[in-house]
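Student: I should like to learn how features such as burial, helix packing and ion pairing are read from a structure. Could we work through one example together?

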Amino acid sequence: MRNCFFKRSVPDDESYRNYNRNNMFSVQPEIERQISQNMYISNLWKSKFSSPIEQNLKVGGYRILDVGCGSGIWLLELARMYPNNEYYGVDVTPLFPTDNLPGNVQFFSANVLYDLPFEAFTFDFVHQRFLVRNFNTKQWQTIIGELTRVTKPHGFIEIMEMDLTPYCQGPTTKKLFEAFLSALHARGISPVIKPLLQRTLESNGSLVSVKTEAKICPVGEWGGIKYLEIGLPILKLMKKHNLEFMSITPTEYDELLQTYEREVYEYETFIRTYRFYAQRIQPKFYRQSYQSYISNIGFTKI
């Protein structure tokens, strides 16, 4: 992997759309949704991460990996804030920009379920967020194993997720999310993520000091948080799957979404988001070759 050097700054949230336009980057609806979500999470959490790495990022020389990077907005912002590091993003769907990138940022197409394209012990910080809709309960052990594999000894992994079931539901919200959760259950996806991820992280013998932070996320501007994510893009995206579990027409579904948009304000609906982070221990045979390490401890590369 080549060394990267910071060549140019990346604009703040509010000017990101102009940044894309100036660089001939077409902002599609899903990218717009991710940018809006990133703004919301930044305003809610007041930070980009929870792992105790900020001083190291300020000093520089770190390698950071963002798995499931999507539009790349989180990684680009971090590169602007802490320019003296190398940043790598991977995603199955290449929504990330490919032209006029800062010199310390690279993006790749890859699937964490089928090996990340990096050697073991490559990154000081490995980050992943909001992929709960993509993985069933059995796959999380594989995913965390792969995130851990590419993390350096004493480095950190951090996973940010949300529960997929809202609290303080009105009748329309309940009807929509019953169908949404039925579609998820049919794919083996758990809508309540905290106990699953805590258990999987704590059972990984290569991780220590597992910690969890949580915040309540208002669904609707009743919480006073700018750039609020109210879930409409996801419910629209899941329309076809949800209708399989609902005895209504597509037009009636759209009408429910309009009611839902008003209802979340009336009932002050909210969801819970979490950040899970842990430190990678130094393997006993770290100074040996990676292949020797595998044979000595019986670790099978995912």
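Tutor: Let us begin with burial. Thr151 has a relative accessibility of 0% and therefore counts as buried. Please keep in mind throughout that this is a predicted model.

Student: Where is Thr151 found, and which residues is Thr151 in contact with beyond its neighbours within four places in sequence?

Tutor: Thr151 is found in strand β5, which spans residues 151-162. With neighbours within four places in sequence set aside, the contacts of Thr151 are Phe121, Phe123, Val126, Phe156, Ile157 and Arg280.

Student: Let us turn to ion pairs. How many salt bridges does a search of the whole structure find?

Tutor: The general idea is that side chains of opposite charge can pair when their charged atoms come close. Here the search of the whole structure yields seven salt bridges. One of the salt bridges joins Glu158 and Arg275, with an N to O distance of 3.9 Å. Glu158 belongs to strand β5 and Arg275 to strand β7 (residues 270-280), so this pair ties together parts that are 117 residues apart in sequence.

Student: Is Glu158 buried or exposed, and is Arg275 buried or exposed?

Tutor: Glu158 is buried, at 0% relative accessibility. Arg275 is buried as well, with a relative accessible area of 1%.

Student: Which residue forms a salt bridge with Glu86?

Tutor: The partner of Glu86 is Arg63, and their closest N and O atoms are 3.1 Å apart. Glu86 lies in strand β2 (residues 86-91) and Arg63 in strand β1 (residues 63-67), so the pair links parts that are 23 residues apart in sequence. Both Glu86 and Arg63 are buried.

Student: How should I read a salt bridge within a helix?

Tutor: An α-helix has 3.6 residues a turn, so residues three or four places apart point the same way. In this model, Arg33 forms a salt bridge with Glu30, the closest N and O atoms being 2.9 Å apart. Arg33 and Glu30 are three residues apart in helix α2 (residues 29-45), so about one helical turn separates them. As for accessibility, Arg33 is buried at 12%, whereas Glu30 is partly exposed at 27%.

Student: Next, helix packing. At what angle do helix α5 and helix α7 pack, and how far apart are their axes?

Tutor: Helix α5 (residues 139-149) and helix α7 (residues 194-202) pack at about 50 degrees, with axes 10 Å apart. The two helices are therefore oblique to each other. The crossing of α5 and α7 is right-handed.

Student: Which residues of α5 and α7 meet?

Tutor: From α5, Trp140, Gln141 and Ile144 meet Leu196, Leu197, Thr200 and Leu201 of α7. Sorted by class, the contact of α5 with α7 comprises five nonpolar, two polar and no charged residues.

Student: How many residues of α5 are buried?

Tutor: Eight of the eleven residues of α5 are buried, so this helix is mostly covered. Among them are Trp140 and Ile144, both of which also take part in the contact with α7. Charged residues appear in the buried set too, including Glu146 and Arg149.

Student: How do helix α6 and helix α10 cross?

Tutor: The axes of helix α6 (residues 171-186) and helix α10 (residues 250-267) come within 8 Å and cross at roughly 125 degrees. That angle makes α6 oblique to α10. The crossing of α6 and α10 is left-handed.

Student: Which residues of α6 and α10 meet, and what are the classes of the residues in this contact?

Tutor: The residues of α6 in this contact are Pro171, Thr172, Thr173, Lys175, Leu176 and Phe177. They meet Tyr253, Leu256, Leu257, Thr259, Tyr260, Glu263, Val264 and Tyr267 of α10. By class, the contact of α6 with α10 has nine nonpolar, three polar and two charged residues.

Student: Finally, I should like to consider the backbone. What is the phi of Asn100, and where does Asn100 lie?

Tutor: Asn100 is not a glycine, yet its phi is positive, at about 55 degrees. Asn100 lies in the loop between β2 and β3 and is partly exposed, at 45% relative accessibility. Ser209, likewise not a glycine, has a positive phi of about 55 degrees. Ser209 is placed in strand β6 (residues 207-218) and is partly exposed, with a relative accessible area of 43%.

Conventions
Residues are numbered from 1 along each chain as its sequence is written. This is a predicted model: local features need pLDDT of at least 70, side-chain atom pairs count only at pLDDT 80 or more; totals for chains, interfaces and linings use all residues. Side-chain values use heavy atoms; hydrogens and water are left out. Axes are lines fitted to C-alpha atoms, for helices over the stretch in contact, and angles run from 0 to 180 degrees between N-to-C directions. Helices (H or I, at least four residues) and strands (E, at least two) are DSSP runs, numbered from the N terminus. Angles under 35 degrees count as roughly parallel, over 145 as roughly antiparallel, 65 to 115 as roughly perpendicular and the rest as oblique. A crossing is left-handed if the near helix is turned anticlockwise from the far one by less than a right angle, and right-handed if clockwise. Contact means heavy atoms within 4.5 Å. Buried means under 20% relative accessible area, exposed over 50%, partly exposed in between (1.4 Å probe, protein chains only). A salt bridge is a side-chain nitrogen of Lys or Arg within 4 Å of a carboxyl oxygen of Asp or Glu.
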